[in-house]
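Me: I have a structure open and want to learn how to read it. Let's go through it in short questions and answers.

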Amino acid sequence: MERKIRVLVAKPGLDGHDRGAKVIARALRDAGMEVVYTGLQQTPQMIVDAALQEDVDVIGLSILSGAHMTLLPKVMQLLNAAGAADVLVVAGGIISDADAEILRREHGIAAVYGPGASTNAIVEFIRANVKPERFSGAEV
Amino acid sequence: MPTLSPSAFQARKCERGVGLVDQMQAGDRRALSRLVSIVENGGEDSRRALAKLYQYTGRAQIIGVTGPPGAGKSTLVNELALEFRRRDTTVGILAVDPTSPYSGGAILGDRIRMQPLGHDPSIFVRSMASRGQLGGIARATGDVVKVLDAAGFNKIIVETIGAGQAEVEIAREAHTTVVVEVPGLGDDVQAIKAGILEIADVFVVNKADREDAQKTQRHLQAMMQLGGAPREDWPVPIVMTVATKAQGIEAVVDAIESHLSHLQTTGHFVERERQRVEREFRSILQGLALDLVQERVGPEQRAAVVARIQARQVDPYTAAERMLADALGVAELK
């Protein structure tokens, strides 16, 4: 059976604007993915707990509050500590090019999208970069 | 049961020689999570995993929570889990949401209402898409329940997709089915129709602070009084709740516990389990028979038979009997 790509869409931090996150969740659903949507005001720990329980291939983080340089590295740190570095993490929101570069290079965020990014590009990026076979051959 | 220590969150890498089932039994949450994925996806890995963990199953009480979309199922499940934890009971939650019939994708949003369950290592929440299965749960839901059961959770709550009138599959998987109703959905004739209202072991009227709540309660009561003796000698309780304010939750948990004791003391528990196991075994046999036929009868030959059926040269019953007989290498089935 074809394995579905599972994605967690989460909003870390305190801003209450989740329209972008919902647009992305909907686009990923329409691309045939299973999207776990956790809602607003997630701490990095809540996001990582949910990602581990849901065994997602991808985490999409939407953040508009400006706290991305604090919260996103924290998510990556917790994820790595949990042995889940194989999860693909992408971010979207109001993030400057300079910050995006640091998030990608130093913290392992795979891609950063700003306003106006096309949902198609995001879908294609996930399809191309997710490792859907990362569990195959696991000893049960 | 194996304790699910907070350190289990520090998942270990899959060690060679130690399988995921062993790691899960040792309390590793990541192993549990992976096993759920493997079983959800089916196939050979799933069969091997289930063969290995089946011996550890049969210990949890399986609780189904169903009802129409927006009735407050997720909020109620969240509150039930918190109340079970106050009673020192561990809880696995499986929340099913519908798969899009067009894209095959899904939005799984039940976790939104379950945030307060947070970081408690004795609670595990997993979302599941229905993946085209009708009936309110996914095809693999019963098998994923086995994984959670083997992981040692005392209670496993399965939240169905928002159910209409005929999504009654959950009653076949659960020991105790909680049907959540809300005021204002229909008249008293709705309440005596067949289907979802018949499968309740516990009725919950949620949003009971709304004005029509008493009327809904009376309709449900009247419905039950119209029938004869209660099924399995269990008079179905009706519990009024306001899940968003955590009102009435203790009474729901009490009712769930009473139902379990009732099933156990009357012997209905064993009988329900026997029926469930038999049904499951039969459906596995059916699947294997189909696999066997597809393995031994080539696709061209099968296509040729389909064409003959379509041309009305043979009926599908006779054709199926012949093909199965061929696959088994016997002259005739009967």
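Me: This is a predicted model. Which residues of helix 5 of chain B are buried?
Reply: This model is predicted. In helix 5 of chain B, the buried residues start with B:Thr141, B:Gly142, B:Asp143, B:Val144 and B:Val145. The list goes on with B:Lys146, B:Val147, B:Leu148, B:Asp149 and B:Ala150.

Me: How many residues of helix 5 of chain B are buried?
Reply: Helix 5 of chain B covers residues 141-150. Buried means 20 or more other C-beta atoms within 10 Å. The helix is mostly covered, and the buried count is 10 of its 10 residues.

Me: Which residue takes a positive phi just after helix 5 of chain B?
Reply: Look just past the end of helix 5 of chain B. The phi there is positive, about 100°. The residue is B:Gly152.

Me: What is the strand order in the open sheet of 7 strands in chain B?
Reply: The pairing in this sheet is parallel. Its edge strands are strand 4 and strand 8 (238-240) of chain B, and each pairs on one side only. From one strand to the next, the twist averages 20°. The order is 4-2-5-1-6-7-8.

Me: Which residue stands opposite B:Ala95 in strand 5 of chain B?
Reply: Strand 2 (residues 91-97) and strand 5 (residues 155-159) of chain B run parallel. They are joined by 5 bridges. Opposite B:Ala95 stands B:Glu159.

Me: At what angle does helix 8 of chain B run to strand 8 of chain B?
Reply: Helix 8 of chain B spans residues 213-226. It lies across strand 6 (176-181), strand 7 (202-205) and strand 8 of chain B. To strand 8 of chain B, the angle is about 175°.

Me: Which strand of chain B is in the open sheet of 6 strands?
Reply: The order is 5(A)-4(A)-3(A)-1(A)-2(A)-3(B), with parallel pairing. One edge is strand 5 (111-113) of chain A. The other edge strand, residues 106-108 of chain B, is strand 3.

Me: Which residue of chain B is the bridge partner of A:Val35?
Reply: Strand 2 (residues 34-37) of chain A runs parallel to strand 3 of chain B. The two are joined by 3 bridges. The partner of A:Val35 is B:Ile107.

Me: Is A:Val35 in strand 2 of chain A buried or exposed?
Reply: Both faces of strand 2 of chain A are covered. One side holds A:Glu34 and A:Val36. On the other side are A:Val35 and A:Tyr37, and these four residues are all buried.

Me: What is the handedness of the crossover from strand 1 to strand 2 of chain A?
Reply: Strand 1 (residues 6-10) and strand 2 of chain A run parallel, joined by 4 bridges. A:Arg6 has A:Glu34 as its bridge partner. The chain crosses between the strands through helix 1 (residues 19-30) of chain A. This β-α-β crossover is right-handed.

Me: Which element of chain B gives the most residues to the side that touches chain A?
Reply: The contact takes 41 residues from chain B and 30 residues from chain A. By class, the side of chain B has 15 nonpolar, 16 polar and 10 charged residues. With 8 residues, the element that gives the most is helix 2 of chain B.

Me: What distance separates the centres of domain 1 and domain 2 of chain B?
Reply: The domain assignment gives domain 1 (54-266) and domain 2 (275-328). Their centres are taken over C-alpha atoms. The separation is 37 Å.

Technical notes
Residues numbered from 1 in each chain as written. Chains lettered and ligands numbered in written order. Predicted model: local features only at pLDDT ≥ 70, side-chain atom pairs only at ≥ 80, totals over all residues. Pairing = 2+ DSSP bridges. Contact = placed C-beta atoms within 7 Å. Nonpolar A, V, L, I, M, F, W, Y, C, P; charged D, E, K, R; others polar. Domains from an automatic or database assignment. Buried ≥ 20, exposed ≤ 12 C-beta atoms within 10 Å, placed from the backbone. Right-handed = clockwise from strand over helix to strand, strands pointing away. Axes fitted to C-alpha atoms, helices over the stretch in contact; angles between N-to-C directions.
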